[in-house]
Amino acid sequence: MKIAILSRNPNLYSTRRLVEAGEKLGHEVDVIDTMHCYMDITSNSPSVRYDGKPLPKYDAVIPRIGASVTFYGTAVVRQFEMMGTYSINESVAISRSRDKLRSLQLMSRKGLGLPKTGFAHHPDKIGDLLKNVGGAPVVIKLLEGTQGIGVVLAESNKTAESIIEAFMGLKANILVQEYIKEAGGADIRCLVVGGKVIAAMKRQGAEGEFRSNLHRGGTASLVKLSPEERRTAVEAAKVMGLNMCGVDILRSNNGPLIMEVNSSPGLEGIESATNKDVAAMIINHIEKSAISGNTKTKGRG
């Protein structure tokens, strides 16, 4: 097969591993800078151009699109879909997962476990907003934040009110969530591919740090999932419409709670922690699924 990886940096660990795995399994793999693609939007003849010429027909694309380029990146993925190319994650599903508020609303509708979450626009509703999530301590999150950036723990209602007012003063969209103390600054990253959890790791935040992101000094280790945690991760991926994703779960006294669903999960931490060839498993899924036009939306939406 001919596989394209949409990535801005061919030297990133995840991109390199996907190239290695694809080539090892006998496929032709190209890395294409998403932001250097440009689209020829012609009736009944869509194409993607790159470096001054049209790209060849690919059997599959693997989007590795950063949050900051979601709008343009998903437009490129949609163009490939319109050309009949199979995308492991469809453009609509990527856009859905990048909207944290929408993601939570969709998962809430399906009855999946979530931390109590509030969202409001006017500062005069802050007191009631905090009350509805159980009061301080609370976690305040920027909707556009990634890798733990824009996530703040407020220990008291007074502190929470000040932080929320500051964010609102900057016209920033924020979520307020209950703090799950019993999680102990740790979460579980489940990597779901093709409707199955293929690998899982526990991420523990650095001492004195409630955020468990590896980019913030957290550590990763192998973890055994409960059947309920496994079902929760698989159902979250299904609700988002993602064939490949990282589902971040907190262990709480009320069972597994979903923190986030990541449509472009990094592979380095989870391959190191589990000693599994996750990249090869992703390519294996593409081998079974990459049929021309095999996307739900066919580039619509």
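Let's start in a loop. Lys 171 lies between helix H6, residues 157–169, and strand S11, residues 174–178. Its phi is near 60°, a positive value in a residue other than glycine. Bear in mind that this is a predicted model. Is Lys 171 buried or exposed? Lys 171 has a relative accessibility of 75%, so it counts as exposed.

There is a second case. Asp 51 has phi near 55°, again positive and again not a glycine. Asp 51 sits in the loop between strand S4, 47–50, and strand S5, 53–54. Its relative accessible area is 62%, so Asp 51 is exposed.

One more backbone point. Ala 136 and Pro 137 are joined by a cis peptide bond, with omega about 0°. Pro 137 is in the loop between helix H5, 126–132, and strand S9, 138–142. As background, most residues other than glycine have a negative phi, and most peptide bonds are trans.

Back to Asp 51, from its partner's side. Tyr 38 is in strand S3, residues 37–40. Leaving out neighbours within four places in sequence, Tyr 38 contacts Ser 47, Val 48, Arg 49, Tyr 50, Asp 51, Gly 52, Lys 53 and Tyr 72. Take Lys 53 from that list. Tyr 38 and Lys 53 are 15 residues apart along the chain, and their C-alpha atoms are separated by 9.9 Å. How accessible is Tyr 38? The value is 36%, so Tyr 38 counts as partly exposed.

Now the interior. Nonpolar side chains tend to be buried together in soluble globular proteins. Here the largest nonpolar core has 27 residues. Which members touch the most others? They are Met 107, Val 247, Ile 258 and Val 261. Six elements each supply at least two residues of this core. Two are helices: H4, 100–109, and H7, 227–240. Four are strands: S12, 186–193; S13, 196–204; S15, 244–252; and S16, 255–262. H7 gives the most, with five residues. Apart from this core lies another, of 26 residues. Its members include Ile 3, Ala 60, Leu 267 and Ile 282.

Look at Met 107 in the 27-residue core. Which residues does Met 107 touch beyond four places in sequence? Leu 112, Leu 114, Ala 236, Val 239, Met 240, Ile 258 and Val 261.

Stay with Ile 258 for a moment. Thr 232, in helix H7, contacts it too. Outside four places in sequence, Thr 232 is in contact with Ile 249, Pro 256 and Ile 258. Thr 232 is at 9% relative accessibility, so it counts as buried.

Next, a buried loop residue. Ala 183 lies in the loop between S11 and S12. Its relative accessible area is 14%, which is under the 20% cut-off, so Ala 183 is buried. Beyond its neighbours within four places, Ala 183 contacts Leu 250 and Arg 251. Ala 183 and Gln 204 are 21 residues apart in sequence, and 9.6 Å apart in space, C-alpha to C-alpha.

Last topic: helix packing. Two packed helices are described by the angle between their axes and the distance between the axes.

Pair one is H1, residues 13–24, with H9, residues 278–289. The angle is about 60° and the axes are 8 Å apart. That makes H1 oblique to H9. The crossing is right-handed. Which residues meet? From H1, Arg 17, Leu 18, Ala 21 and Gly 22; from H9, Ala 279, Ala 280, Ile 282 and Ile 283. The contact of H1 with H9 divides into six nonpolar residues, one polar and one charged. Ile 282, listed here, is also among the members of the 26-residue core.

Pair two is H2, residues 70–82, with H3, residues 91–98. The angle is about 160°, with the axes 8 Å apart. That makes H2 roughly antiparallel to H3. H2 brings Thr 70, Thr 74, Val 77, Arg 78 and Glu 81. H3 brings Ser 91, Ile 94, Ser 95 and Arg 98. How do the residues of this contact divide? Two are nonpolar, four polar and three charged.

That's the tour.

Note on methods. Residues are numbered from 1 along each chain as its sequence is written. This is a predicted model: local features need pLDDT of at least 70, side-chain atom pairs count only at pLDDT 80 or more; totals for chains, interfaces and linings use all residues. Side-chain values use heavy atoms; hydrogens and water are left out. A nonpolar core is a set of buried Ala, Val, Leu, Ile, Met, Phe, Trp, Tyr and Cys residues joined through side-chain atoms within 4.5 Å. Buried means under 20% relative accessible area, exposed over 50%, partly exposed in between (1.4 Å probe, protein chains only). Contact means heavy atoms within 4.5 Å. Axes are lines fitted to C-alpha atoms, for helices over the stretch in contact, and angles run from 0 to 180 degrees between N-to-C directions. Angles under 35 degrees count as roughly parallel, over 145 as roughly antiparallel, 65 to 115 as roughly perpendicular and the rest as oblique. A crossing is left-handed if the near helix is turned anticlockwise from the far one by less than a right angle, and right-handed if clockwise. Ala, Val, Leu, Ile, Met, Phe, Trp, Tyr, Cys and Pro count as nonpolar, Asp, Glu, Lys and Arg as charged, and the others, Gly among them, as polar.
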